[in-house]
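Welcome, and please open the structure in your viewer. We will go from stop to stop, with something to select at each one.

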Amino acid sequence: MSVRVENLTVSYLRHPAVHHASGSFAEAEATAIFGPNGAGKSTLLKTMIGALKPDSGHVNLGPFKRKDIAYLPQQSEIDRTLPVSVHDLVATGLWHQTGVFGKVGRKQRAKIQEALQAVGLVDFAERPISALSTGQFQRVLFARILLQDAPLILLDEPFNAVDAKTTYDLLELVRRWRDEGRTVIAVLHDYEQVRAYFPYTLLLAREIVAWGKTELVLTDLNLRRAAETAAHWHERAPVCRVDEEAV
């Protein structure tokens, strides 16, 4: 049983950002959520982790529980002024093992070292996160996900404003997660990244335009439909009735 959204509507000010969406994410595969700006992509991801409440419908996590999810938010949502070192931020990926204030032992320190090695930041462990470039900070966040060892990984615009070398290296981690049988779902904007690394795609423009194998979804016709739907959405967007709200 895979992760499913079932007749899902999520609204802001009672106007739907995601409208009556239903479908399944491929299990142990990588799926891109792709579409125009303002299409509801991040809204869908936040609803999946429980950060937003649906107006109607629901998310069925299938075989997963909330603790099985590793979630990477957009960098703009993270306060990088906190006096935290690279090592300490990555170590928070172990909180399921250590607890929020648990002590990091020798084995955990070795795992942190391995994760930093995997993202090419082994020499940056003691640097404050405020001193990192955008690409370096994104590598740190991926190292944290490596430590979480989660079977379900959700990434919200993970390569936005990240340099090409870092993007390539982190996409190779996505490939590694696929090979390990993890389920990866990522909000993306780059057509070529989707085609090269994500075998499945959900094309979203507030409502589902197409969902399935990437080569069948990202057609010129579907992309035009998505752009037209997003452009005219506010002209026809329904108001969600209060009696539709989830209870």
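At what angle do the axes of helix 5 and helix 6 cross? To find out, select residues 134–148 for helix 5 and residues 164–179 for helix 6. In this predicted model, the two axes come within 10 Å and cross at roughly 15 degrees. An angle under 35 degrees counts as roughly parallel, and helix 5 and helix 6 are therefore roughly parallel to each other. Their crossing is left-handed.

Now show the side chains where these two helices touch. On helix 5, select Gly-135, Gln-138, Arg-139, Phe-142, Ile-145 and Leu-146. On helix 6, their counterparts in the contact are Lys-165, Thr-166, Asp-169, Leu-170, Leu-173, Arg-176 and Trp-177. If you colour the residues of this contact by class, you get 6 nonpolar, 3 polar and 4 charged.

**Next stop: helix 4**

Keep helix 5 on screen and add helix 4, residues 106–118. How do these two helices lie relative to each other? Their axes come within 9 Å and cross at roughly 135 degrees, so helix 4 and helix 5 are oblique to each other. This crossing is right-handed.

For the contact itself, pick Lys-111, Ile-112, Ala-115, Leu-116 and Ala-118 in helix 4. They meet Ala-143, Leu-146 and Leu-147 of helix 5. Coloured by class, the contact of helix 4 with helix 5 shows 7 nonpolar residues, no polar ones and 1 charged. You have already met Leu-146 at the previous stop, where it is part of the contact of helix 5 with helix 6.

While helix 4 is selected, click on Arg-106, which belongs to this helix. Is Arg-106 buried or exposed? Its relative accessibility is 72%, so Arg-106 counts as exposed. Try drawing a distance from its C-alpha atom to that of Ala-51: the separation is 34 Å, for two residues 55 apart along the chain.

**Next stop: helix 1**

Select residues 41–48, which form helix 1, and find Thr-47 there. With a relative accessible area of 3%, Thr-47 is buried. What is around it? Beyond its neighbours within four places in sequence, Thr-47 is in contact with Leu-8, Val-10, Leu-52, Pro-54, Val-59 and Arg-66.

**Next stop: a pair of strands**

Strand 5 covers residues 69–72. Turn it to look at each side: Ile-69 and Tyr-71 are on one, Ala-70 and Leu-72 on the other. Residues on both sides are buried, and both faces of strand 5 are covered.

Then add strand 6, residues 152–156. In which sense do strand 5 and strand 6 pair? The pairing is parallel and runs over 4 bridges. To see one of the partnerships, select Tyr-71 together with Leu-154 of strand 6, its bridge partner.

**Last stop: two backbone angles**

Move to strand 2, residues 15–24, and click on His-20. Its phi is near 45 degrees, a positive value in a residue other than glycine. His-20 is partly exposed, with a relative accessible area of 37%.

For a second residue with positive phi, go to the loop between strand 6 and helix 6 and select Ala-161. Ala-161 is not a glycine, yet its phi is positive, about 65 degrees. A relative accessible area of 63% makes Ala-161 exposed.

How values were computed:
Residues are numbered from 1 along each chain as its sequence is written. This is a predicted model: local features need pLDDT of at least 70, side-chain atom pairs count only at pLDDT 80 or more; totals for chains, interfaces and linings use all residues. Side-chain values use heavy atoms; hydrogens and water are left out. Axes are lines fitted to C-alpha atoms, for helices over the stretch in contact, and angles run from 0 to 180 degrees between N-to-C directions. Angles under 35 degrees count as roughly parallel, over 145 as roughly antiparallel, 65 to 115 as roughly perpendicular and the rest as oblique. A crossing is left-handed if the near helix is turned anticlockwise from the far one by less than a right angle, and right-handed if clockwise. Contact means heavy atoms within 4.5 Å. Ala, Val, Leu, Ile, Met, Phe, Trp, Tyr, Cys and Pro count as nonpolar, Asp, Glu, Lys and Arg as charged, and the others, Gly among them, as polar. Buried means under 20% relative accessible area, exposed over 50%, partly exposed in between (1.4 Å probe, protein chains only). Two strands pair if DSSP finds at least two bridges between them.
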